[in-house]
Amino acid sequence: MPTLNVVLIEPEIPQNTGNISRTCAATGARLHLVGPMGFRLDDKKMKRAGLDYWPLLDITVYENAQAFFSQNSGPFFYFSTKARRVYTEVTYPDGAYLVFGKETAGLPEEWLRDHPDNSVRLPMLDDEAARSLNLSNAVAVGTYEVLRQWGFPRLRTEGRLTKYPG
């Protein structure tokens, strides 16, 4: 089965990380949390946002970006409002790492400069007031694009009505 990796670089808001954890658990994506983080992993707000999905989560925590990159080989795809390519223009291979920056600053610009072909953005209005999407929403969009390209492996694609079995 293909492996998808979601990477959060220095996340700051526990509720966002909780929501992203739930998305990863529900899709089978691996979650990588790269410190320093703006909260503790046992934060009540983060746990509440993840609900009862924690046992389903494959999660690895790293002290810093250097530790993360020394232990993982990519390929890495950097999501940023400063990227020039649209996220749907990329073909994501098995083992892809979707890398997202912290809520207040995003990813370091030198990463984007050094990897322009693997830096992608979600299209938005050109309006300074709407600077970016919420981190958990951006992760969900990126995750589901990769899974769509892969044909939604291991995911149930049909719903079931409970009151009207068929």
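**Exercise 1. Establish the strand order of the sheet and locate its edges.**

Solution. The sheet is open and its seven strands follow the order S3-S2-S1-S6-S4-S7-S5, with parallel pairing. Its edge strands, each pairing on one side only, are S3 (59-62) and S5 (85-86). Here, helices (H or I, at least four residues) and strands (E, at least two) are DSSP runs numbered from the N terminus, and two strands pair if DSSP finds at least two bridges between them. The model is a predicted one, in which local features need pLDDT of at least 70 and side-chain atom pairs count only at pLDDT 80 or more, while totals for chains, interfaces and linings use all residues. Residues are numbered from 1 along each chain as its sequence is written, and side-chain values use heavy atoms, with hydrogens and water left out.

**Exercise 2. Describe strand S1, its pairing with S2 and the helices that pack there.**

Solution. Step one concerns pairing: S1 (residues 5-9) and S2 (residues 30-34) run parallel and are joined by five bridges. Asn5 stands opposite Arg30 in S2, and Val6 stands opposite Leu31 in S2.

Step two concerns the side chains. In a regular strand the side chains alternate between the two faces of the sheet. In S1, Asn5, Val7 and Ile9 point one way, Val6 and Leu8 point the other way, and all are buried. Buried means under 20% relative accessible area, exposed means over 50%, and partly exposed lies in between (1.4 Å probe, protein chains only).

Step three adds the helices. Contact means heavy atoms within 4.5 Å. Axes are lines fitted to C-alpha atoms, for helices over the stretch in contact, and angles run from 0 to 180 degrees between N-to-C directions. Strand S1 and strand S2 (residues 30-34) are joined by five bridges. Helix H1 (residues 14-27) packs on the sheet, touching S1 and S2, and its direction makes about 155 degrees with that of S2. Helix H5 (residues 135-149) also packs on the sheet, touching S1, S4 (76-79) and S6 (97-100), and its direction makes about 165 degrees with that of S6.

**Exercise 3. Determine how S4 is paired and covered.**

Solution. On one side, S4 pairs with S6 in the parallel sense over four bridges, and Phe77 stands opposite Leu98 in S6. S4 also pairs with S7 (residues 119-121) in the parallel sense, over two bridges; Val120 in S7 is the bridge partner of Phe79. Both faces of S4 are covered, with Phe76 and Tyr78 buried on one side and Phe77 and Phe79 buried on the other.

**Exercise 4. Characterise helix H5.**

Solution. H5 has 15 residues and reaches 21 Å from its first C-alpha to its last, close to the 21 Å expected at 1.5 Å a residue; the expected span is 1.5 Å times one less than the number of residues. Its buried residues include Leu135, Ala138, Val139, Gly142 and Val146. An α-helix has 3.6 residues a turn, so residues three or four places apart point the same way. What covers the buried residues of H5 includes S1, H1, S4 and S6. The helix is followed by Gly151, whose phi is positive, near 80 degrees.

**Exercise 5. Place Pro2 and describe the cavity that it lines.**

Solution. Pro2 is in the segment before S1 and counts as partly exposed because its relative accessibility is 27%. Its C-alpha atom is separated by 5.1 Å from that of Asp94, 92 residues apart along the chain. Leaving aside neighbours within four places in sequence, Pro2 is in contact with Asp94, Trp150 and Pro153.

The structure holds one cavity of 30 Å³ or more. About 50 Å³ of space lies in the largest cavity, and among the residues that line it are Pro2, Leu4, Leu147, Trp150 and Arg154. On a 1 Å grid over the protein atoms alone, a cavity is a set of points where a 1.4 Å probe fits but cannot get out, a pocket is an open set with protein on both sides within 12 Å along at least five of seven lines, and lining residues have an atom within 4 Å of a point.

**Exercise 6. Identify unusual backbone geometry.**

Solution. Most residues other than glycine have a negative phi, and most peptide bonds are trans. The Gly35 to Pro36 bond is cis, with omega near 5 degrees, and the Gly74 to Pro75 bond is cis, with omega near 15 degrees. Glu10, in the loop between S1 and H1, has a positive phi near 50 degrees.

How values were computed. Points joined across faces, edges and corners; volume = space filled by probe spheres on them.
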